[in-house]
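Student: I would like to learn how to read ring pairs, sheets and side-chain contacts from coordinates. Where do we start?

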Amino acid sequence: MSTTYMLRDWTKLRETHPQPSPAGGHAEYKWAMAINLDVCTGCNACSVACYAENNLPVVGKEKYAHGQSMHWMRIERYWNEEDVETPHQGAQFLPMMCQQCEAAPCETVCPVGATNHTPDGLNSQVYNRCVGSRYCSANCPYKVRYFNWYDYPEQEMAWPDPLPMQLNPDLTVRSKGVMEKCTFCVQRLTAAKNTARNEGRTVKDGEVTTACAQACPTQAITFGNMVDPYSQVSEKWRHQQVELHKDVQDKDKSGDSGLRGYRVFEELRSYPSVMYLERVRDTKA
Amino acid sequence: MSNINRRDFLKVLGWSSVAVAVAGCGKTSVESGVETVMSYSQPEDFLVPSIGVYYASTCTQCEANCGVTGRVREGRILKLEGNPESAINLGRLCGLGQAAVQHHYNPDRLKEPLLRQGGGLQPTTWENATALLAEKTGDLKGEQFAFLSGGLSGHLKVLVQNYVDSLGSKNLYFYEALTPAVNQSVSQKLYGTATPRFHLDKAQLIVSFGADFLDTWVSPVHFASQYTQFRKATIDKKRGTLVQIEPRMTLTGANADRWIPIIPGTEGVLALGLVNALLKGGIGVKSLPASVVSAVRAYDKERVNKEAGVSGEVFDKLVALLSERSPSLVLSGLSAEGHAHGAQNAAAIMLLNVVLGNVGKTIDAPTRLPFPQLAAEEGNSVALKRFNDSLAGDKFKVVFIYNANPVYTAPAFMKLRDNLKKSEFKVVFTHYLDETAQEADLVLPLDSALEDWGTHVAAYQPDSIELTMQQPLMEKLYPSGTRSLGDVMLDQLKHRRANEYKDFADYYAYLKSALTRNKGAFSGVSADDETFWNQALMHGVLKVKGQEQSISANVVNLDIAQPAPIGDDQYPFHLVPTVRSGFRDGRHANLPWLQETPDSLTTMVWDSWVEIHPKTAERMGIKEGDILEIASKNGSIKTQAYLFPGVQPDSVAIPLGQGHEAMGRYAKDVGVNPFKLLDPVFDKSTGELAMHATRVKVSRTGASVRVVKEEGWSPIVVNTQQGRKLVSTIAVDKANFSKEV
Amino acid sequence: MNHLNKEKDIREDIAWAQINKDVLRSLEKPRPVYWVLFGLALSMFLVGVGCEIYQYQTGMGVANMNNPHMWGLYIATFIFWIGMSHSGTLLSAILHLMHADWRKPIYRFAEAMTTFSLMTAGLFVMVHLGRLWQFYYALPYPNERWTWPNFQSPLLWDAMAIFTYLTSSIIFLYIGAIPDFAICRDNAKGWRKNFYTILALGWMGTDRQWRNFRITYLTVACFLIPLAVSVHSIVASDFAMSQQPGWHVTSFPPYFVAGALYSGCAAIITLFIVLRYTFRFEEYMTMPILDKVARLTFAIAMVWTYLNLIEFASVWYGHDSYSKDLLIQKATGPYAPFWWTMIVCGSIVPFALAIKKFRSSLTIMFIVSLLLNLGMWLERWMIVAPTYSHGYYPWTWDHFQWPSFVQWGMVFGSFGWFGMLFMIFTKLVPSVSMYEVKEMVYHRTLANKESREA
Amino acid sequence: MNLSRFLCIADQGAARRFAVGLLLLAVGVFGAGAAKADGKVEQPIEFPHNTHAGKMGINCLYCHTYARRSAVSGIPPLQKCMGCHQSIESVKDRPRIKKLFEYWEKKEPIPWKKVHDLPDFVRFSHERHVQRFYFKQERPIQEVCGLCHGDVKSMTVAEKVQPLSMGWCVSCHEQDHRIDNVSAKTSNGPNDCWQCHK
């Protein structure tokens, strides 16, 4: 980050708090998600799509056993506290990836500024800048940052020939000692933005989406630009009365509104860009 | 696009940019004149470097045949997406489908034909191989030849059929280990169609007896999209309620509003109990003949409670739901039909649809396909049994096996490996050197699904019938090493029926002419052959003009009698072989992505495990990671224990698909293969192998391991949210859907 | 060693020449035990080096860290060594300003300790990095990338603070030793002669030199104290400024500083006894001095205990359920054994120092001091590790991730490295400040004279 | 911002001069990071840009045809060369052209060496730059390409004249550029890390 930019506008560099507007004060783009947990079946299609799109290495059993797996998009399965004996209400699935926090705990602590806030409201991770202090992950409440514990391209498991032919040239294959995480498929976003700029417009809703959202068989994931008030994702956030710049939503203050929108660990004031819609269960059944 | 070879120059650039991609981010080589940049010799104007092009094709990972589009860049297929034009998956794609690229690029793919010389398999050329085929089948009597194929449809099926006919043989077997064959036979009897069309989206209530329609059953991606509508609450429709009844929680069960564990094999009892209760409540009395009405009287709440282990309270709730919510939909799945009385089970369950008057509302008849020869042969396990019996009787001299791995999937009691030895010339068409290929005399490596041409007609058609196109998404990886089965068949047919097939240069030419000749059968296509063909390839989907049919239930002489449950003191547990969406019958076990993807419910990876209910485990003093021995009358396997609340306490569940002895680095020696345990129990009416009728005993070996799973390793055995608000749940009557979009 | 165990302070009538003789002897051929210890230290260090090479080649994975266990023993041990460094400053600078003259015979090696433990700590920062070869990205210098490090990151402040502290404490150590170097120069022969001549910077002991010397020494001392406090406060803010349960604690800076002084003093006791034995310094490192150090340690121990209790209380009565969960987890979960050991070693064992009988026994003091250090090391580990295994996010809870031999090897090695440096130091620099001891003796004689005259 | 202009040297010569002044460490670091402008590169055919771009004044985009619609500018395909040279009798017997024809006979692409090679983790879009400076600002094409590639019409084979280091990119990105040739509105290049880093 050059001195000029630092001096020109520090806030551009460090989003401390989103402005009180639907898009958190972003000018052109504010990428965000809404995930409907009532139709998320936990089928892992999104996770595999992420492997395919983002050159994620397969680490193999032995390393997986050490908790060194690299899935940016992980499906979590919880059981209901009440009936752990027999889960009469089924399991609880949660697709968890980087929440692209507006005030991201990871950004402020990185000693080399390898993770920054982009004008599009993304939480960028610059692989080549990373020195691997792992402070970002230490400070991430969601633990969705994944570290390259080994030189995976060199690992016999990951990409024996001819598997490397499948690798996506739009993003790098991360090497040893680098932190990585979900990027909202930034390579797709950049491509879409460039096309849009050439035509002197901004990206239209539905013109670009993330690999996970595209794959999801139940269309549980909605991705889009919050700056566009008519984008699907904006609509969803608006109707669920979840506001980007609040750590306690008004609807929650006023008791049970019956609206399903919520954000995980909202109270930590990281202002995540992913809204989840509560899972619904029929109590009569 | 009509000539595929025009794309080969792209390979050059493809390779070089791989080098770039793999170089990774650690290195910063910015000196000039180090890397070489390849230019095209003759570019295609529609191909621009660094910009991906999408080609439509068909997913062959499972029988659902979703439409896919492949992103091709610099001549390499990078990623598969769903094809929005396909009514089956509407642009969506499951994990299994996406992983097809790893079949294509798999490091363990066979790169050349193998011939058994002396002891082992030695490399040979296709020329020898094809010559050998012709020679071996030259003066062969029809009954001495057998062709065992996996599920098949479209023009390849026609070619195979014709080839078998040309040998004067009747022995063409379509074998699949995991098809709902019993269901189909029953619904054939009951609805007059084997594959009725379901409308989950229209249903207010779905009661599914082990039908895992969200993950592994029939056409998962399509049902998933319907499920979205089913769950959606709109002005004219309440949010649908899902009840799942099964011995082991499937993914569908995990998403149910109510999951009811049931003793395997007693689904029918519960179903009839429900019918009885509904009739008592005055519902659907007219829909049933007196004979049936009287037959179900015997099934009351107490009996259901006693035999099926479903409590009266749950039963009443279920009855209440069924009588309130209409239209509803009752489905019967693998765990219900996999018994000696599977047909009766299925019949009893489907009877509910009749009683509730769902037939015609949420269930209707599929469109009739004008050309049956292209229709899907889903295959079944009877085929395997007959095939195996004849082998045992030493009937076959020459055997062809395609798209099946019977040596792996056949239960131990069949002794298929030994029987196969009796036939003197075994040809296996495959991608990997799997268990069956290892037994073969001639192994012929096929093009991957992303290199091959083909047409498919999915067995389950959501609305009007589709014929989906399969086309190469990139240049062959091993141009001289692999071939398309279509080409091989055509080649052989040219020997035998020269005059019929002489004017087809290759399988591609055959397909093209076959389709263009009857393009009249498709709706909304142009008159000109070339344009028609290009459109077909561009869209990947052809809508077939089929005629609609009506559906009606016919319950007379429907066998619903439920046998009395039989205990077994020596083998106290029911074995539930569970289907994993990633592996199916094990043919996808060599895909690293799928091995690394945690099982949705247990979050286990890279291995097999036996699921046992925590209570039962406590009783037997079993802890997570203990190595257990699971023994049936026909064999035993050792694997790690996983304490799983989602399994019926009298049952243990083992996932299928692992435990390969061959096939490739990612599959070999990973986990165990429960197929081998299965007891010789067959469905009485269809002769299908009863997958869920095996009894086992469980014993500790004393050994123990740390299970490799995705869920955290904390002292809390059952993984809950620990009071944090991660996945929040709201009761349907509390939720306010009015504002939702 | 019990025969040494009688109340005996530095003799007043000891001749200055004798002091030189005794101290300079420590620079000559040592007892065999020295070589034994040195060999031990060296081999320990080599083990550490081996582990680092392996880790550098293969990747951090071999340290058996994972998501969430991102930091392991490295950071814990890093804090431990930073802590060690504080004792030196305390003794030499703070006590210097307080004119506590009993410090004089022992501050020299305490300072050496400061310097070397800082150097050790620095190693751990490096070892910890995933891409050691890119460490220079963290340095704020103009470069062709036009990029700057992130000045918001406590880790960056850390680097700067430590570097400043290291340089200034080296200067302090050096300045303080100049008069002694002069003495060495005058008594040494051969290469040592030139060596000390250079180091002595032509010290003649003129009044002017002494005046300037005093001023400089005092200035650097004053400069050093705030540094010492800041450096560990900043290390504390690595945690306090994060958002994690068990880390986000306001009282961490003072808590860390207290802990630092604590472990530092404990270490001084250890080394005091070792040196006293190896170099026959009974004349100078006398029991009363040890007694004073011990009392000081006890006082600090109590401060530390108090701050500990404050932390527990504020968590217990606070609203943060996550931190509370974690605290319970620490006391009951898989880390409980270590956590309780830390409590015992940190808060119970020091009471031994309150008993005069124990204070006057070298053996007991030796054991106690080691226990205290163990406790303080565990404290650091118990700050770092449990937060990972039981943080905000239940899904990633992993209570059974045990550091691999690589991590242990490097911790082990660091002690070797420290010991090695220290032992080399004792052979090149007089580990007892001769001129200050002389002053001390001189002042005492004066004082006694006056009292007799009166 | 002169301070940064002084501290963070963009052009290589100055960087060298500054590096000399720095400590040994810093020098090492510079060596590691900085891109060297390493003059001429041995190419399979010594392509005369001076003739084509200079004497003939052919538009760069005529041969480097992908530059305006793709991230990569694309080395001209053989077909392109032949398009003209098949019909230019006068030079048919020149050694270079002979070589060219040989490749064409064999239908094999010419293994050109990369001259302007960016690290693998950089996402640079020719398209955007050409669109902005050529089509929007309507500056002469050779000037636009020259921004990074130097005065090509004075070279035979392309030579790297700019460091192509991050600082050098930023030095231009942080300046204000007119958005097109009509309006006076200006904007500077994106400073979003992810715009260039991938």
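Tutor: We take the rings, then a sheet, then two single residues. The model is predicted, so local features need pLDDT of at least 70 and side-chain atom pairs count only at pLDDT 80 or more, while totals for chains, interfaces and linings use all residues. Residues are numbered from 1 along each chain as its sequence is written, chains are lettered from A and ligands numbered from 1 in the order in which they are written, and side-chain values use heavy atoms, with hydrogens and water left out.

Student: How many aromatic pairs are there over all chains?

Tutor: Rings of Phe, Tyr and Trp (its six-membered ring) pair if their centres lie within 6.5 Å; planes under 30 degrees apart are stacked, over 60 edge-to-face, and the rest tilted. The search of the whole structure gives 93 such pairs. One of them joins Phe213(B) and Phe223(B), edge-to-face, with 6.3 Å centre to centre and 90° between the planes. Phe213(B) is in the loop between strand S10 (205-209) and helix H7 (220-231) of chain B and Phe223(B) is in helix H7 of chain B, so the pair ties together parts 10 residues apart in sequence. Helices (H or I, at least four residues) and strands (E, at least two) are DSSP runs, numbered from the N terminus.

Student: Are Phe213(B) and Phe223(B) buried or exposed?

Tutor: Buried means under 20% relative accessible area, exposed over 50%, and partly exposed in between (1.4 Å probe, protein chains only). Both Phe213(B) and Phe223(B) are buried. Now take Trp191(C) and Phe195(C), a tilted pair at 5.9 Å centre to centre and 55° between the planes. Both lie in helix H6 (residues 190-200) of chain C, 4 residues apart, about one turn of the helix. Trp191(C) is exposed at 55% relative accessible area, and Phe195(C) is partly exposed at 28%.

Student: Which ring does the charged end of Arg129(A) sit over?

Tutor: A charge sits over a ring if NZ of Lys or CZ of Arg is within 6 Å of the ring centre and within 35 degrees of the ring normal. For Arg129(A) the ring is that of Tyr137(C), with its centre 4.9 Å away. Arg174(A) lies over the face of Tyr127(A), 5.4 Å from the ring centre.

Student: What is the strand order in the open sheet of chain B?

Tutor: Two strands pair if DSSP finds at least two bridges between them. Here 4 strands of chain B run in the order S12-S11-S10-S13, with parallel pairing. Strand S12 (258-261) and strand S13 (328-332) of chain B are the edge strands, each pairing on one side only. Strand S11 (residues 241-246) of chain B is joined to S12(B) by 4 bridges, and Ile245(B) stands opposite Ile260(B) in S12(B).

Student: Which polar contacts does the side chain of Asn143(C) make with the backbone of Trp146(C) and Thr147(C)?

Tutor: A polar contact is a pair of N or O atoms within 3.5 Å; within protein, one must be able to donate a hydrogen and the other to accept it, and residues adjacent in sequence count only if both atoms are side-chain atoms. A polar side-chain atom of Asn143(C) lies 2.9 Å from the backbone nitrogen of Trp146(C), and one lies 3.1 Å from the backbone oxygen of Thr147(C). Asn143(C) is buried, at 3% relative accessible area.

Student: What is Ala553(B) in contact with, leaving aside neighbours within four places in sequence?

Tutor: Contact means heavy atoms within 4.5 Å. Ala553(B) then touches Leu190(B), Val354(B) and Val359(B).
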